[in-house]
Structure formats: C-alpha cells, structure tokens
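The following exercises concern one protein chain. Please study the sequence and the structure, then attempt each task before reading its solution.

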Amino acid sequence: MRQASMLTYRQRRPICTGQARHGAMLDQVRGGNEAARSDVPGGVWSSHLTPLVAPAAMAVTALLLVTAAILLSISLARLQESRELAFRASGILRHVAEVRADVRTAETGQRGYILTGEPRYLAPYNHAVDRVWATFVALRKLVRDPGQARRLAELEPLITAKLDELSETVALRKGSFEAALALVRTDVGQRLMEDIDTRVAEFERAEEAILVSGTGALERDATWATRLAGLTGLLAVGSAVLGALWFASQRAHSSMLTVERRFRRDLERQVEERTARLVELNRELDAFAYTISHDLRAPLRAMHGYADALIEDYGPLLPEDGRRFIRRIAAASERMEDLIQDILSYSRLAREEVSLRPVSLERIVDGVLTRSAERMGETGAEIVLERPLPAVLGHAPILSQAVENLVLNAVKFVGPGTRAQVRIRAEPRDGWVRLSVEDNGIGIAVEHHERIFRPFERLHGAEAYPGTGIGLAIVRRSVERMGGRCGVASVPGSGSTFWIELGVVAGGRAACSVTTR
C-alpha cells in the first residue's frame with residue numbers, strides 16, 4: 001500500500017542581481033585595499049628622499065589627490081543620479097498602477113450599482129473617479145521621457161472614454177435597469193478597459209526598460225570612476241608622504257563604500273515596502289470581493305423567494321407573459337447565485353492554506369464524472385476516460401474543482417445540434433503529469449488562449465452559453481496554488497484540448513520540487 005507523505009515547503013527569496021553586482025564590487029574594493037596595505041612597506045621611502053625629490057613627490061601627491069577627488073566626485077554624482085532615477089521610476093510605476101486600479105475600482109462600483117440600484121455602491125465609484133485624474137496629473141509631472149509622454153497622451157483619451165462610459169451607464173441605471181444593461185452588453189466598456197490595460201502594460205514595460213538602461217549606464221560609469229580613483233590612490237601611496245596619502249585614500253574609499261551601502265539599503269527598503277503594499281492591496285481586494293458577494297446574497301434570496309411565492313400563490317391568475325417574466329426573474333437570481341459562489345471560490349483560493357500530498361488522478365476524475373452524471377445524461381455527452389491515470393502531487397478538493405470545471409466546459413461549449421464528445425487522458429512529461437481534456441466543441445482563436453483564463457472574460461454571450469465567466473480563472477489559480485501550470489491548444493471549429501500539469505509522484509514521494517507562496 002502506497003504511503004502518502006506530506007511535504008513541507010519553504011518560501012524562497014531570490015537574490016537580486018543588482019545586490020550581487022554591488023557585493024562583487026565591494027569585494028573588489030576591499031581586496032584592492034588589503035593588497036595595497038600588504039605591498040607597501042611603510043616608512044622606508046621617506047628616509048631616502050632628497051631635498052629635490054621631496055617637493056616633486058609632494059606635487060605628484062597633490063595632483064594625484066586632486067585627480068582622485070574629481071573621480072570620486074564623478075562616482076558619487078553617478079550614484080546619486082542612479083538613485084534619483086530609481087526613485088522617479090518607482091514613483092511613475094506606482095502612479096500608473098494606481099490609475100489603473102482606480103479605473104478598475106470605478107468599474108466595480110458601477111457594476112455594483114447597476115446590479116443593485118443602491119446608491120451606496122456609488123461611493124467607491126465617485127471616490128475612484130475623483131482620484132483617477134489627481135493621480136494622472138501627478139504622473140504626468142513625473143514623466144520626462146518623450147516616448148513615455150507620448151504613451152501617456154495616448155492613454156488619457158482612453159481613460160476619459162472609459163469614465164464617460166461608466167458615467168453614462170450610471171445615469172441610465174437611475175432611469176432604467178434595462179437601458180443600462182443594454183449599454184453594458186455592447187462591450188464598449190470592456191474593450192476600453194482592455195485597451196487601457198494594454199497601454200498601461202506598454203507604459204510599464206517601457207519605464208522598466210528606461211530604468212534598467214539608465215541605471216546600468218550610471219553604474220558602469222560609477223564603476224570605472226571608482227576603479228580609476230582606486231588606481232590613483234595606489235599611485236599616490238608611492239609618494240614621499242606615504243602615510244598621509246594612505247590615510248586619505250582609506251577615508252575616501254570608506255566614504256564611497258558608506259554611500260553605496262546606504263544606497264543599497266534604501267533600494268532594499270523600497271522593494272520591501274512596495275512588496276508589502278502589493279500584499280496588502282491583494283488582501284484588501286480579496287476581502288472586498290468576499291464582502292460584496294455576501295451582501296448580494298440577501299436580495300437574491302428575496303428575489304427568488306418572492307418569485308416562487310408568486311408562482312405558487314398567484315400562478316393560475318397570471319397571464320402567460322407574467323409567468324414567463326417570473327421564471328426569468330428566478331433564472332436570473334440563480335445565475336447571480338452561481339456567479340457569487342464562483343467569486344467566493346476564486347477569492348477563497350487566494351487565502352486557503354494548501355498542503356500538497358500524492359493524489360490519485362483516477363479517483364479525482366471518477367468522482368467528478370459521478371457527480372456530473374445527471375448533467376451528462378441531460379446533454380447526451382459521450383465521455384471517454386483512458387485508464388490508468390497516475391498519481392500527482394496536489395490538493396484533492398482544489399484539484400477536483402479544477403477538473404470538474406474543465407469537464408463541464410468541454411460538455412457545454414459545443415455547436416448547436418452537436419453531441420459533445422470528451423476524451424480524458426494523462427501522460428508523463430519531463431517530471432510532470434499532464435492531464436488533458438479534449439472535446440469536439442466550437443474551439444478558441446489563438447489570440448484568446450490567454451484571455452479566457454482571466455476572471456470575467458467571456459468570448460460568448462450568456463444567452464448562447466450560460467456561465468459566470470470565472471470557471472477557467474478558478475482552474476488557473478487552483479493549479480498555480482498546487483505548484484503546477486495549465487493551458488489550452490485550440491483553433492476555431494476544431495475542438496479544444498485543455499490541460500493541466502502537476503508534479504509526478506513515484507514510490508509515494510514527490511519526484512519534483514515545488515515551491516508555493
């Protein structure tokens with residue numbers, strides 16, 4: 001009997017290449033200083049200096065000291081420029097991230113107001129709209145690069161159009177839910193948000209490239225200046241005033257190293273603060289989604305309860321149109337309940353502690369097929385399971401949900417009048433196990449392969465293919481929490497093959513190393 005062994009994981013913190021480069025430079029400086037101290041016999045040359053050599057030696061010493069001072073000044077100036085560039089780039093990246101987050105927050109508030117009609121959902125919307133332009137003005141003041149200024153100018157009308165679209169839907173919702181919903185269904189707002197995300201991503205990549213290029217050049221200049229200053233100091237050691245020059249050189253090097261250490265500490269502190277802010281932001285977003293989901297459940301229960309009561313008590317008295325409207329209300333509340341449940345599941349995946357153990361893929365797939373048997377029977381789907389399936393390193397409840405989402409998607413997304421045919425199989429791949437779910441569905445264009453794994457991204461209307469638009473996002477987050485990866489291979493009209501890869505298990509122990517955060 002195979003014994004399941006639970007693995008313990010440690011979060012690994014990567015070493016920044018910039019820190020390694022600074023450390024190597026410090027080692028070179030320390031090594032040069034120690035070599036200089038060991039090579040120069042102090043107090044020997046001074047006894048052999050003649051009256052004519054002494055003034056010359058002093059002049060050479062003074063010249064070398066001046067040269068060293070100039071080179072050190074250049075080095076310190078370059079380091080200061082590098083620090084200012086890093087500070088400015090960090091501020092630019094923070095501001096552009098805040099602009100995108102504020103637009104997202106405004107869109108979330110707009111959605112909450114459209115769904116509920118309650119004015120309290122407009123508070124985050126109004127606050128985010130006011131904050132967008134204040135942050136954008138501050139961002140524009142920080143940008144100095146012409147290319148970035150052009151990209152910022154291209155981003156501004158997109159944000160304006162998006163906020164105008166949000167304002168228009170809010171205004172329409174005050175008059176009519178259907179009018180606001182009709183505008184939302186045009187997907188104009190979604191396309192604008194996608195364009196904003198694309199522009200912001202381009203802006204961030206360009207800013208990061210500017211930062212890397214600028215700091216790299218400044219660091220190279222500072223390194224050369226430092227080396228030349230060190231060489232000048234070593235030459236000055238050979239003069240008649242060996243002791244004084246050696247002391248001055250040591251002080252100069254000590255000052256430079258102190259500045260570098262301070263600069264490195266400042267950079268590390270900035271990285272840690274920014275990481276802490278990002279972690280806190282993610283935690284707040286998860287808490288917000290969780291709270292919104294629970295607050296929406298109460299009116300949904302009321303809608304469903306009143307609809308059932310109307311059908312039960314007054315159904316015979318209502319005309320056919322009235323009964324149809326009530327059925328549509330009940331169906332809409334059920335769809336919203338499914339959406340809320342998926343939001344809770346997605347949010348919960350970010351907070352749950354995941355302990356990885358050897359899990360039987362065959363048992364997971366059998367359980368999914370058993371739970372979905374009734375739905376499969378309704379659709380007439382044909383499921384082919386190629387046995388045996390190996391064990392993988394995973395978390396059984398999370399893996400079961402991911403597999404169920406993939407199987408139900410394969411059954412759902414088929415053409416009209418087409419009987420779904422699904423094939424489930426697994427194979428080893430370079431230390432991983434790939435579980436594939438193949439179907440004969442409508443297929444997916446290549447440019448949408450990445451998009452479908454993001455939350456609330458739908459390629460088809462809810463009327464054609466019902467759903468919440470978050471199922472594949474749950475799959476991706478589930479697999480990533482288990483240290484795996486997922487993807488799809490598909491072309492329109494030729495079906496799709498969704499796959500997930502998890503660590504293989506051999507002999508009851510994991511055959512691969514997985515790091516989870």
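**Exercise 1.** Why is H12 described as largely enclosed by the rest of the structure?

*Solution.* The model is a predicted one. The step needs a cut-off: a residue is buried when its relative accessible area is under 20%. In H12, the residues that meet this condition are Leu472, Ala473, Ile474, Val475, Arg476, Ser478, Val479 and Arg481. Since 8 of the 11 residues of H12 are buried, the helix is largely enclosed by the rest of the structure. For the chain as a whole, buried residues make up 40% of the 517 residues.

**Exercise 2.** Describe how H11 and H12 pack, and state which residues form the contact.

*Solution.* Begin with the geometry: H11 spans residues 396-412 and H12 spans residues 471-481. Their axes lie 9 Å apart, at an angle of about 145°. The crossing of H11 past H12 is left-handed. Next, identify the participants: H11 contributes Ile398, Gln401, Ala402, Asn405, Leu406 and Asn409, while H12 contributes Gly471, Leu472, Ile474, Val475 and Ser478. Finally, classify these residues: 6 are nonpolar, 5 are polar and none is charged.

**Exercise 3.** Which residue with a positive phi follows H12?

*Solution.* The residue is Gly483, with phi near 80°.

**Exercise 4.** Place the two helices in the context of the chain.

*Solution.* First, count the elements: the chain contains 12 helices and 8 strands. Then consider the contacts with a separation of 6 or more: 78% of them join residues 24 or more positions apart. Lastly, the accessible surface of the chain is about 28,800 Å², and carbon and sulfur atoms account for 56% of that area.

Note on methods:
Residues are numbered from 1 along each chain as its sequence is written. This is a predicted model: local features need pLDDT of at least 70, side-chain atom pairs count only at pLDDT 80 or more; totals for chains, interfaces and linings use all residues. Side-chain values use heavy atoms; hydrogens and water are left out. Axes are lines fitted to C-alpha atoms, for helices over the stretch in contact, and angles run from 0 to 180 degrees between N-to-C directions. Helices (H or I, at least four residues) and strands (E, at least two) are DSSP runs, numbered from the N terminus. A crossing is left-handed if the near helix is turned anticlockwise from the far one by less than a right angle, and right-handed if clockwise. Contact means heavy atoms within 4.5 Å. Ala, Val, Leu, Ile, Met, Phe, Trp, Tyr, Cys and Pro count as nonpolar, Asp, Glu, Lys and Arg as charged, and the others, Gly among them, as polar. Buried means under 20% relative accessible area, exposed over 50%, partly exposed in between (1.4 Å probe, protein chains only). Accessible areas come from the Shrake-Rupley method with a 1.4 Å probe; for residues, only the protein chains shown count as cover.
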